[in-house]
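Student: Could you pick one spot in this model and take me through it closely? Then carry on outward from there, so I can see what surrounds the helices, the ends and the charged pairs.

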Amino acid sequence: MKFHFKKKVWISFLVALAILAGLWYYSILNNQEFAETSRMVSRTNEVLYHIERSRSGALETDKSLLQYLVTGDTNFYHRYNNQVDSIRIHYLKLRDLTHDNVMQQAYIDSMRFWGRQKYERDLATMETRKSSTVPFQLINQSLETNQLLANFTNTTTKMRSIEERLLSERIKQNEQNLLKFNITFSILIASTVIILVIVFISINRTVRARLEAETKMDQINNELEAFTYSVSHDLRAPLRSINGYAQILEDDYSGKLDPEGSRVIQVIRRNARRMGKLIDDLLDFSRLGKKELSRSDINMTQLVGDLLNEFKDAEQNRIIEFQVNTLHDAKGDIDMIRQVWTNLLSNAIKYSGKKPLSRIEVGSSLGRGTVQYFVKDNGVGFDMQYASKLFNVFQRLHKLQDFDGTGVGLAIVSRIVSRHGGNVRVEATPGEGATFYFSLPN
């Protein structure tokens, strides 16, 4: 089933698509901002961690110093050095994490300065303790250097204050970005749902209208086929009477009629026969809509070969050159496909009848799941601007006195091929012939 939407539907769809694309892009930007502020919050927490570890480490070094001065136990001496190494690691981390903050970098330099001053005095005091058995004086000296420790811890306190303020701002910004992202994403989801509902309603209406139209069309076609079938049968009786009485006149009264009278009787009989052929074609065309397809594998080489032999026997008085190329097998109703080949080959023979040598070529080519066949002749051809009319009932491109026919044969071809899921097309040049193509599933 094919769907044909109006221009305004396409415009609405494109506008909706643009809105969704804009919301999607804005949602991505909000998500990136949220991710960035989350990263900054995480980094601020990490800075606070290293500040606190530096502060507590400095206090622990002072405690280890006093314990070493009182006891002289070298374990406290080693503990002091380990804690100093740990402070150095946190210091380096802080310098790396705050590389974009000039004020924090200044405080880190200050922290390094006071820490180094404290470390150098502590180291001198501990070296003196190694050769002294009376630590009290040294303890007093150590306590006198607590101002250096106070300067160090005050610096860390200022750094922590700055980071806590930044953390508060960044958490607030992060919450705002998260809210913006949630709002944008919610609008995106809601818009998508609304657009999908609108599209569903539009498609549903289109499908319903299409189904109603198809139902009406099927009903009209059934009524038309029934009408055609009925009229065709009803026309047979008076047509047989016309033909019969004309034959009686010709047989019983030919001696009493002048030449003009005999000619008129021949015209009556000829047109009666043509009318009979037209009725038969109409019946065949109407039956195509009712007949069920009986699909099977078709040996096209054999099918076309048998038909060509029949045409050769029927056209012994003409010089016809048949060229049969590769004919791939296909699937379809063999009786209907035989009718397709019969109509196309008979047309090719008929419309090339005024050539001294009729050349008719058939062949096929493989496509994706299909086989395309062709019938080519060197006949009279036609102007391609009228090609669209060729496959309609009663459409003729040549005068009846030039070429006999009812104008139904190609309509039958088109209908059969269409029911098989294929298509028919034609290429022609006036005076040079025509090539008919039709496709079938393989």
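**From one loop outward**

Tutor: Serine 294 sits in the loop that runs between H6 and strand E1 (295-298), in what is a predicted model. Its relative accessibility is 49%, and because exposed means over 50%, serine 294 counts as partly exposed. Look for isoleucine 334 too: it is 40 residues from serine 294 in sequence, yet the two C-alpha atoms are 7.8 Å apart in space.

Now move along the chain to H7, residues 300-314. Asparagine 299 caps the N-terminal end of this helix, with a side-chain oxygen 3.3 Å from the backbone nitrogen of threonine 301. You can check the helix with a ruler: 15 residues at 1.5 Å a residue should span 21 Å, and the end C-alpha atoms of H7 are 21 Å apart, which agrees. Its buried residues are Met300, Leu303, Val304, Leu307, Leu308 and Phe311. Look down the axis of H7 and those buried residues fall within an arc of 125°, so they line one face of the helix. The face turned away from that buried side carries two exposed residues, Glu310 and Asp313.

Back on the other side of the loop is H6, residues 259-288, where arginine 263 and glutamate 260 both lie, three residues apart, or about one turn of the helix. The pair makes a salt bridge, with the closest N and O atoms 2.6 Å apart. Neither end is buried: arginine 263 is partly exposed at 45% relative accessible area, and glutamate 260 is partly exposed at 42%. Elsewhere, salt bridges with shared partners join Asp62, Lys118 and Asp122 into one network. In total the structure holds 13 salt bridges. As a reminder of the principle, side chains of opposite charge can pair when their charged atoms come close.

H1, residues 7-71, has a pair of the one-turn sort as well: glutamate 36 and arginine 39 are three residues apart in that helix. Their side chains meet in a salt bridge at 2.6 Å, N to O. Glutamate 36 has a relative accessible area of 36%, which makes it partly exposed, and arginine 39 is partly exposed at 42%.

A longer-range link also starts from H1. Arginine 43 forms a salt bridge with aspartate 100, the closest N and O atoms being 2.9 Å apart. This pair links distant parts of the chain, 57 residues apart, with arginine 43 in H1 and aspartate 100 in the loop between H2 (74-97) and H3 (102-130). The two ends sit in contrasting surroundings: arginine 43 counts as buried at 13% relative accessibility, while aspartate 100 counts as partly exposed at 48%.

That loop takes us to the helices on either side of it. At the start of H2, a side-chain oxygen of aspartate 73 comes to within 3.0 Å of the backbone nitrogen of asparagine 75. The 24 residues of H2 should span 34 Å at 1.5 Å a residue, and its end C-alpha atoms are 35 Å apart, which agrees. Plenty of aromatic side chains turn up among the buried residues of H2, including Phe76, Tyr77, Tyr80 and Tyr91. Polar ones are buried there too, among them Asn81, Gln83 and His90.

H3 has a cap of its own: a side-chain oxygen of asparagine 101 lies 3.2 Å from the backbone nitrogen of methionine 103, at the N-terminal end of the helix. With 29 residues, H3 should span 42 Å at 1.5 Å a residue, and the end C-alpha atoms are 42 Å apart, which agrees. Its buried residues include Ile108, Met111 and Met126, but also Lys118, Asp122 and Arg129. Recall that Lys118 and Asp122 belong to the salt-bridge network with Asp62.

Last stop, H5, residues 146-252. Alanine 150 lies in this helix and counts as partly exposed at 24% relative accessibility. The C-alpha atoms of alanine 150 and tryptophan 114 are separated by 9.0 Å, although the residues are 36 apart along the chain. Phenylalanine 200 is also found in H5, and it is exposed, with a relative accessible area of 57%. It isn't alone out there: Phe185, Ile189, Val193, Val197, Phe200 and Ile201 form a nonpolar patch on the surface, with about 540 Å² of accessible area together.

Conventions: Residues numbered from 1 in each chain as written. Predicted model: local features only at pLDDT ≥ 70, side-chain atom pairs only at ≥ 80, totals over all residues. Heavy atoms only, no water. Patch = residues over 30% accessible without salt bridge, like charges linked within 9 Å, V, L, I, M, F, W, Y side chains within 5 Å. Areas by Shrake-Rupley, 256 points an atom, 1.4 Å probe, with all protein chains shown as cover. Salt bridge = Lys/Arg side-chain N within 4 Å of Asp/Glu carboxyl O. Helix = DSSP H or I, 4+ residues; strand = E, 2+ residues; numbered from the N terminus. Buried < 20%, exposed > 50% of the residue type's maximum accessible area, 1.4 Å probe, protein only. Expected span 1.5 Å × (residues − 1). Arc of directions from axis to C-beta. Polar contact = N/O pair within 3.5 Å; in protein donor to acceptor, adjacent residues only side chain to side chain.
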